[in-house]
Amino acid sequence: MLFHRCPAAGRARQCFHALKLLKKDCLQSLRVSRCASTAAVPRITTHYTIHPRDKDKRWQGVNMERFAEEADVVVVGAGPAGLSAAIRLKQLAAEHSREVRVCLVEKASQIGAHTLSGACVEPRALEELFPDWKERGAPLNTPVTEDKFGILTKTSRIPVPILPGLPMVNHGNYIVRLGHLVSWLGEQAEALGVEIYPGYAAAEVLFHEDGSVKGIATNDVGIQKDGAPKATFERGLELHAKVTVFAEGCHGHLAKQLYKRYNLRENCQPQSYGIGLKELWTIDKTKWKPGRVEHTVGWPLDRHTYGGSFLYHLNEPEPLVALGFVVGLDYQNPYLNPFREFQRWKHHPSVQPTLEGGTRIAYGARALNEGGIQSIPKLTFPGGLLIGCSPGLLNVPKIKGTHTAMKSGILASEAIFSRLTNENLQSKTIGLDVQEYEENLKKSWVWKELYAVRNIRPSCHTVLGVYGGMIYTGIFYWILRGMEPWTLKHPGPDYAQLKPAKDCTPIEYPKPDGKISFDLLSSVALSGTNHEDDQPPHLTLKDDSVPVSRNLAVFDGPEQRFCPAGVYEYVPLESGEGSRLQINAQNCVHCKTCDIKDPSQNINWVVPEGGGGPAYNGMSCMAGKSSYQD
């Protein structure tokens, strides 16, 4: 664990240490949970966010007091954005000889363990944060040496030239293991005095009486699967701050609450998402081309389903390639299975030869923002602000979000520091409303970059589908550089695009061969995913009856297909009549796809006990889609 060793942090360290002792030394092996059928509608959800504890007799007399710590700034999420924000604050404090206490909480057990999507990183923001990043040993080991792009048909690959100025040009960029970069940023932050607390998830937003954000509370520990307190129950820690920075990544569960409370999405379009599935392979050295970047669109998806692939060759001691497949979550056919589309893609004649004779060593998945500038909400509110992929700063056609996420963190911290050190500061609320951050972001290269590509993703919604988007990019972006006097819209929320099963054709997928393509559960095992078994499932349902009465009845249970980890499964009732939904929460890789794509919007993803989830380690060298934080 990373803790800044200063007297101010003493009590917090003691509290976190006490909470840590309550956790089991080892997480139990991956296995499925079984739901009891004790009523007409089997009870699935036991989480206190659905069944309040003040109405549960089992919680009577339980001490619900929480220890509180005060900081100047609290950062939620240790991804590129959150760590950049924390680093920049401490840099400014050192430059101006000021004391600024910065605390950062991260739900992963180690910094970088939940960082799946690596990146073909544009180093612009890193250079601003650390001009001497090379001398400091930042793990950017693979400069891009070759760019390839193509359109796949079922049996062939049509090469497409990458013209200068197009978003897909990667000259000057680096293929990185983003988890390693995040871990390195964590080391830099600790050296500057940031207090970093891995393994503790921010479970709740706290508010002042005036309505401004007061801080966050970390998750409680010691709760049984059925929702009852264990003898070891302990409340989480409250962290109060003048400003709380939310850097949760794509579709953060706290950000969702903030959108509603402050009406942050009033003047923007609904966010659109994709699901990215990734694998890491060691391959035959004779097929290894370090620095090569390959992207494709087309097969196995039809033209009306947005998506594509990437394959990156890493310059590492062993011949590694990172490969993956992205499917836009605005797809319409409920029978589509993103995981199985990915497995099918690997058998394409232009892909399979690279993998033959190789070994798959890791798997993971994560949702990513695809809405672009049209879908960015208001970024500031009293007491807090949003940075990185939490509000959706991904450059979709570039397939990059790390550089924009880091820059947003830098700009946020510069605005925060200015407010904290303003001796004439007058604030209407106790929590500071740092509106200058959003103003400065809109003046920066981030906003200019996102504005220029704003129409590329929504241009794929024409009758020509993805190919219409390519034509649009070639004509309007390459010639006008995004200066066309119009802004296209998205068709609506992704979950609303799904058609009833009766209106769609089931998709027959080939069986995995165990060499190039694989089954889902063996894939999940490679993600290192695990959770404490005896805790309430963190995949909560607002209404336990909806999965069967609507999702299964109307859409043939799409959650059992769009989940990339086998969390959702319809099984027969013990009576033999009908089915029930079984939630295998231990499998969850924290991708958030279920919360996004559920056509009934009945699933609400909340944080499990801190430290649970995937352990990607070296897996985090994938394609910059969502870093996670972003």
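Q: Before we get to S2 and S3, what counts as two strands pairing here?
A: Two strands pair if DSSP finds at least two bridges between them. This is a predicted model, by the way.

Q: OK, so how many bridges join S2 to S3, and which way do they run?
A: There are 4 bridges between S2 (residues 73-76) and S3 (residues 102-106), and the two strands run parallel. Valine 74 in S2 sits opposite cysteine 103 in S3.

Q: What links them up along the chain, and with which handedness?
A: Helix H2 (residues 80-95) does: S2, H2 and S3 form a right-handed β-α-β unit.

Q: Which other strand does S2 pair with over 4 bridges?
A: That's S15, residues 243-246, and the pairing is parallel. Valine 73 has valine 243 in S15 as its bridge partner.

Q: Which way do the S2 valines point, and are they buried or exposed?
A: Val73 and Val75 point one way, Val74 and Val76 the other, and all are buried. In a regular strand, side chains alternate between the two faces of the sheet.

Q: Back to H2. How do its axis and the H5 axis sit relative to each other?
A: The axes of H2 and H5 (residues 178-192) come within 9 Å and cross at roughly 25°. Angles under 35 degrees count as roughly parallel, so H2 is roughly parallel to H5.

Q: Left-handed or right-handed crossing?
A: Left-handed, as H2 passes H5.

Q: Which residues meet there?
A: From H2 you have Pro80, Leu83, Ile87, Lys90 and Gln91. On the H5 side they meet Leu178, Val182, Leu185, Gly186, Gln188, Ala189 and Leu192.

Q: Switching topic: what's the strand order in the sheet with S4, S8 and S5?
A: The order is S4-S8-S5, in an open sheet of 3 strands with antiparallel pairing. S4 (119-121) and S5 (142-143) are the edge strands, each pairing on one side only.

Q: How many bridges between S4 and S8?
A: There are 3, in the antiparallel sense, with S8 covering residues 174-176. Alanine 119 stands opposite valine 176 in S8.

Q: Last one, H6. Why call it largely enclosed?
A: Because 7 of the 10 residues in H6 (residues 253-262) are buried, the helix is largely enclosed by the rest of the structure. The buried ones are His253, Leu254, Ala255, Lys256, Leu258, Tyr259 and Tyr262.

Q: And what does asparagine 263 do just after H6?
A: Asparagine 263 takes a positive phi of about 55°.

How values were computed
Residues are numbered from 1 along each chain as its sequence is written. This is a predicted model: local features need pLDDT of at least 70, side-chain atom pairs count only at pLDDT 80 or more; totals for chains, interfaces and linings use all residues. Side-chain values use heavy atoms; hydrogens and water are left out. Buried means under 20% relative accessible area, exposed over 50%, partly exposed in between (1.4 Å probe, protein chains only). A crossover is right-handed if, with the strands pointing away from the viewer, the path from the first strand over the helix to the second runs clockwise. Axes are lines fitted to C-alpha atoms, for helices over the stretch in contact, and angles run from 0 to 180 degrees between N-to-C directions. Angles under 35 degrees count as roughly parallel, over 145 as roughly antiparallel, 65 to 115 as roughly perpendicular and the rest as oblique. A crossing is left-handed if the near helix is turned anticlockwise from the far one by less than a right angle, and right-handed if clockwise. Contact means heavy atoms within 4.5 Å.
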